[in-house]
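Reader: I work at the bench and would like to be taken through this structure step by step, with the reasoning behind each answer. Could we start once the sequence and the model are in view?

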Amino acid sequence: MEINQDNVLHTKELSYRYSEHFGLDTISLEVREGEIVSLIGPNGSGKSTLLRLLARLLDPVRGEVWLDGKELRVMSSADIAKKLAMLPQMHDHQLDFTVRELVEFGRHPHKNWFERLGGEDEEIIKWALSVTNLTTYEHRTLPSLSGGERQRAWIAMAIAQRPKVLLLDEPTTYLDISHQLEVMELVQNLNRQFKMTIIMVLHDINQAAQYSDRLIVMKKGEVVYDGIPQCVLCKSMFQHVFEIDVDIYDDGNKPFFTPRRVRCCEDELNHVEIKGGV
Ligand code: ADP
Ligand code: MG
């Protein structure tokens, strides 16, 4: 594969195997600087595994990951963390830190052992708190925050690393719709204002289509679709990957879908007697 200088991240025939039951097979992807890419696909299709490989939290059995012109394998963990931050899937950990303490952790890859945070770190911490709208929350502890505020605090920690690439694994899961949109708008803002490249796993396919430049669809450890939302959101993709029938609409900006009732449920419903009249 020719190396495209616009790529901030790319993989070459990346493969990984947990067991004989599941693996990722020869995944070759290119992500350009400044793109927002969403990974979608059914549960267990390998989205989190792919993100972990991109962050070198897992080592591939074959293939390579290149980050900003260097192969991940030859980079130190601190060098990776200066260029790439990853927010794993949340299980709503109730760690007893203040928001500020959490955000300070984001500066550690930039420091040597026991080196204290300096003026530049302070500026970046202030910036991370301000961008995530948490300046007045810096002394609050994580358990005292709402789910949406806590998610913003984790994002503040990740961006305090000043990464070029931000990986987010289901950043909106467990949030109500208004807080989901708040996180999506924050991500879009980080991309537009600071040119951060975003690769995220999303379950809400309409939100993925609305906020992403590109969608990558995974099924059983393989990338089966990769393209702009207008091309990827099609009836055949939903049938092939999710085994559902959908209607697709386009408001002239981004496409969106509504699911049709799954046929087997319709059959079951036909056998349900409705008691008492409706
Ligand atoms: P997704 O994020 O798309 O839901 P994952 O990447 O988490 O999928 O998982 C893909 C598959 O790999 C699943 O079948 C899952 O059970 C399996 N898997 C994930 N982590 C491990 C592990 N540590 N050991 C063995 N199998 C795993
Ligand atoms: Mg996952």
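**The largest pocket**

Author: In this predicted model, 17 residues line the largest pocket, and those that lie nearest its centre are A55, L57, A85, M86 and Q161.

Reader: How much space lies in the largest pocket, and which element gives the largest share of its lining?

Author: The space in the largest pocket comes to about 330 Å³. The elements that give two or more residues to its lining are helix 2 (77-83), strand 6 (84-87) and helix 5. With 4 residues, the largest share of the lining comes from strand 6.

Reader: By class, how many nonpolar, polar and charged residues does the lining of the largest pocket have?

Author: The lining is made up of 17 residues, and M86 and Q161 are among those nearest the centre of the pocket. Sorted by class, the lining has 12 nonpolar, 4 polar and 1 charged residues.

Reader: Strand 6 also belongs to a sheet; in what order do the strands of that sheet run, and which strands stand at its edges?

Author: This is an open sheet of 6 strands with mixed pairing, and the order is 6-7-8-3-9-10. Each edge strand has a single partner strand, so one side of it is left without a neighbour in the sheet. Direction ignored, neighbouring strands here are turned by 15° against each other on average. The strands at the edges are strand 6 and strand 10 (222-227).

Reader: In what sense do strand 3 and strand 8 pair, and which residue of strand 8 stands opposite I36?

Author: Strand 3 and strand 8 (residues 197-201) are joined over 4 bridges, and the sense of their pairing is parallel. In strand 8, the residue that stands opposite I36 is I198.

Reader: Which strands of the sheet does helix 5 touch, and what angle does its direction make with that of strand 6?

Author: Helix 5 packs on the sheet, where it touches strand 6 and strand 7. Helix 1 lies across strand 3, strand 6, strand 7 (165-169), strand 8 and strand 9 (214-219), and runs at about 150° to strand 7. For helix 5, the angle with the direction of strand 6 is about 160°.

Reader: Helix 5 also packs with helix 4; at what angle do they pack, and which residues make the contact?

Author: Helix 4 (residues 119-131) and helix 5 (residues 147-160) have their axes 9 Å apart and pack at an angle of about 145°, in a crossing that is right-handed. By class, their contact has 7 nonpolar, no polar and no charged residues. Helix 4 contributes I124, W127, A128 and V131, while helix 5 contributes A156, I159 and A160.

Reader: In the open sheet of 4 strands, what is the order, and which are the edge strands?

Author: The 4 strands are paired in the antiparallel sense, in the order 2-1-4-5. Strand 4 (residues 62-67) is joined to strand 5 over 2 bridges, with K70 of strand 5 as the bridge partner of L67. Helix 1 (residues 47-54) lies across strand 1 (7-17), strand 2 and strand 4, at about 120° to strand 1. The edge strands, each pairing on one side only, are strand 2 (23-32) and strand 5 (70-71).

Reader: Where is G34 found, and which residues is it in contact with, leaving aside its neighbours within four places in sequence?

Author: G34 is found in the loop between strand 2 and strand 3 (36-40). Once its neighbours within four places in sequence are left aside, the residues in contact with G34 are N191, K195, M196, T197 and D213.

Reader: Which residue in the turn between strand 11 and strand 12 has a positive phi?

Author: Strand 11 (residues 246-250) and strand 12 (residues 255-259) pair in the antiparallel sense over 5 bridges, and in strand 12 the bridge partner of D250 is P255. The two strands form a hairpin with 4 residues between them. The residue in the turn with a positive phi, of about 90°, is G252.

Key: Residues numbered from 1 in each chain as written. Chains lettered and ligands numbered in written order. Predicted model: local features only at pLDDT ≥ 70, side-chain atom pairs only at ≥ 80, totals over all residues. Heavy atoms only, no water. Axes fitted to C-alpha atoms, helices over the stretch in contact; angles between N-to-C directions. Left-handed = near helix turned anticlockwise from the far one by under 90°. Contact = heavy atoms within 4.5 Å. Nonpolar A, V, L, I, M, F, W, Y, C, P; charged D, E, K, R; others polar. 1 Å grid on protein atoms, 1.4 Å probe; cavity = no way out; pocket = protein on both sides within 12 Å on 5 of 7 lines; lining within 4 Å. Points joined across faces, edges and corners; volume = space filled by probe spheres on them. Pairing = 2+ DSSP bridges.
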